[in-house]
Amino acid sequence: MGRAVGGLAMPHHRPLVWLAALLLGQALSASVMAQGYPSRVLRYVVPTPPGSGADVIGRIIAGGLATALGQQIIIDNRGGGGNNIGAEFAAKAAPDGYTLFQASLTHAVNVTLYRKLAYDLVNDFIPIIQLASSPYIVIAHPSLPVKSIADLVRLAKARPGAINYASASTGTSTYLAAELLKEQAAINLLHIPYRGGNEAMTSVMSGETSVYFSPLAITLPFLNDNRLRALAVTTTKRIAVVPQYPTVAEAGYPDYVAGNWFGIMVPAKTPRDIGVTLHEAALRALANADVARRLTDLGYVIVGDRAEEFAAHLRSEIAKLGKIIRKTGLSAE
């Protein structure tokens, strides 16, 4: 039997059952649209301030969704509290399909990082779709005698604790990406936290630090810069915009995947037919040529998965990142 996550059935090994459910869902979606959903403005909650990376992708997606749904969508920025303020607000919103929440890897981290949260990411939300991922690229200062992940691992094992890496701050995805490699490769790198990604990037380019697991979108303009050297990307497959760079997995770590991601969730108890309608609209938004181009130009990889795939990914991220957070002893109030 498929397990239910919120109001959407999440089958694991029953493709025919899921296909039947999908067809039924599409029929129900048409029924809902015929009844007038959505009949008023929708709210798209972004849990970060205006101008942030999450806000930029939220506005791109909201524009595509508005076209697909034929209804206006307003961006509601509710930043602060480690992205938890916006999440709590969305979790408590009416489950009527008029409040959409943009979740990210940060929320999967927060499940373990925070000792107490005013919402439950798994039980208070229904996953709709993973929109896009923000892959990372491992960069090093040219003074470090490495040209690949294999070189980095060999050097780190020969000089344990002598090689440092920058992060955008302790507990951020850039920090966790490095800690994940440390765990899988059994190496010791010295962590140097900074106040944001720009400072971390500058530190590597100046030689103040040696390695940084940087968002590809930020690094793209500097890949031909002699002040840094790219070692690998953190995705399961090579990235179309930079196919010359291998994956970390190719260096012998097949389970290594890191980077940020963004997805849409709605409050628990939102009717299934509304969820199906929103999923179909999101797929149309991602297929929109302008939306796709803008996301790709920013270095994002479009995902557009099924609701149950997003739910499984979310559970996997919570488990994987939770293990690292507990191992490092990180916690937040």
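# Helix packing and salt bridges in a predicted model

Asp297 and Arg293 stand four residues apart in helix α10 (residues 289-297), so about one helical turn separates them. Helices here are DSSP runs of H or I with at least four residues, strands are runs of E with at least two, and both are numbered from the N terminus. The structure is a predicted model in which local features need pLDDT of at least 70 and side-chain atom pairs count only at pLDDT 80 or more, while totals for chains, interfaces and linings use all residues. Residues are numbered from 1 along each chain as its sequence is written, and side-chain values use heavy atoms, with hydrogens and water left out.

**Overall composition**

The protein contains eleven helices and twelve strands. Of its 333 residues, 52% count as buried, where buried means under 20% relative accessible area, exposed over 50% and partly exposed in between (1.4 Å probe, protein chains only). Among contacts (heavy atoms within 4.5 Å) between residues at least 6 apart in sequence, 77% join residues at least 24 apart.

**Salt bridges**

Side chains of opposite charge can pair when their charged atoms come close. The structure holds 17 salt bridges, each being a side-chain nitrogen of Lys or Arg within 4 Å of a carboxyl oxygen of Asp or Glu. Three of them are listed here with the relative accessibility of each partner.

| Pair | N to O distance | Acidic partner | Basic partner |
|---|---|---|---|
| Asp76 and Arg78 | 2.9 Å | Asp76, 10%, buried | Arg78, 28%, partly exposed |
| Glu88 and Lys92 | 2.9 Å | Glu88, 27%, partly exposed | Lys92, 61%, exposed |
| Asp297 and Arg293 | 3.5 Å | Asp297, 54%, exposed | Arg293, 43%, partly exposed |

The bridge between Asp297 and Arg293 belongs to a network of salt bridges that links Asp290, Arg293, Arg294 and Asp297.

**Packing of α2 against α9**

Two packed helices are described by the angle between their axes and the distance between the axes. Helix α2 (residues 53-69) and helix α9 (residues 272-287) pack at about 115 degrees, with 8 Å between their axes; axes are lines fitted to C-alpha atoms, for helices over the stretch in contact, and angles run from 0 to 180 degrees between N-to-C directions. The crossing of α2 past α9 is right-handed, a crossing being left-handed if the near helix is turned anticlockwise from the far one by less than a right angle, and right-handed if clockwise. From α2, the contact draws on Ile61, Gly64, Leu65, Ala68 and Leu69; from α9, it draws on Thr277, Leu278, Ala281, Ala282, Arg284, Ala285 and Leu286. Sorted by class, these are nine nonpolar, two polar and one charged residues. Ala, Val, Leu, Ile, Met, Phe, Trp, Tyr, Cys and Pro count as nonpolar, Asp, Glu, Lys and Arg as charged, and the others, Gly among them, as polar.

The buried residues of α2 include Ile61, Gly64, Leu65, Ala68 and Leu69, which are also its contributors to the contact with α9. Ala54, Asp55, Ile57, Gly58, Ile60 and Ala62 of α2 are buried too. With 17 residues at 1.5 Å a residue, α2 should span 24 Å, and its end C-alpha atoms are indeed 24 Å apart; the expected span is 1.5 Å times one less than the number of residues. Gly70 follows α2 with a positive phi near 70 degrees.

**Helix α11**

For the 22 residues of helix α11 (residues 307-328), the expected span at 1.5 Å a residue is 32 Å, which agrees with the 32 Å between its end C-alpha atoms. Its buried residues are Ala307, Glu308, Phe310, Ala311, Leu314, Glu317, Ile318, Leu321, Gly322, Ile324 and Ile325. Ala307 has a relative accessibility of 9%, and its C-alpha atom is 5.2 Å from that of Ile129, although 178 residues of chain separate the two. Just after α11, Gly329 adopts a positive phi of about 80 degrees.

**Two individual residues**

His107 is part of helix α4 (residues 105-113) and is buried, at 1% relative accessible area. Apart from neighbours within four places in sequence, His107 contacts Pro47, Asn83, Ala87, Phe101, Gln102, Tyr119 and Leu121.

Phe222 sits in the loop between α8 (216-219) and β10 (229-233) and counts as partly exposed at 27% relative accessibility. Residues up to four places away in sequence being set aside, Phe222 touches Met201, Met205 and Leu228. The C-alpha atoms of Phe222 and Met205 lie 9.5 Å apart, with the two residues 17 apart along the chain.
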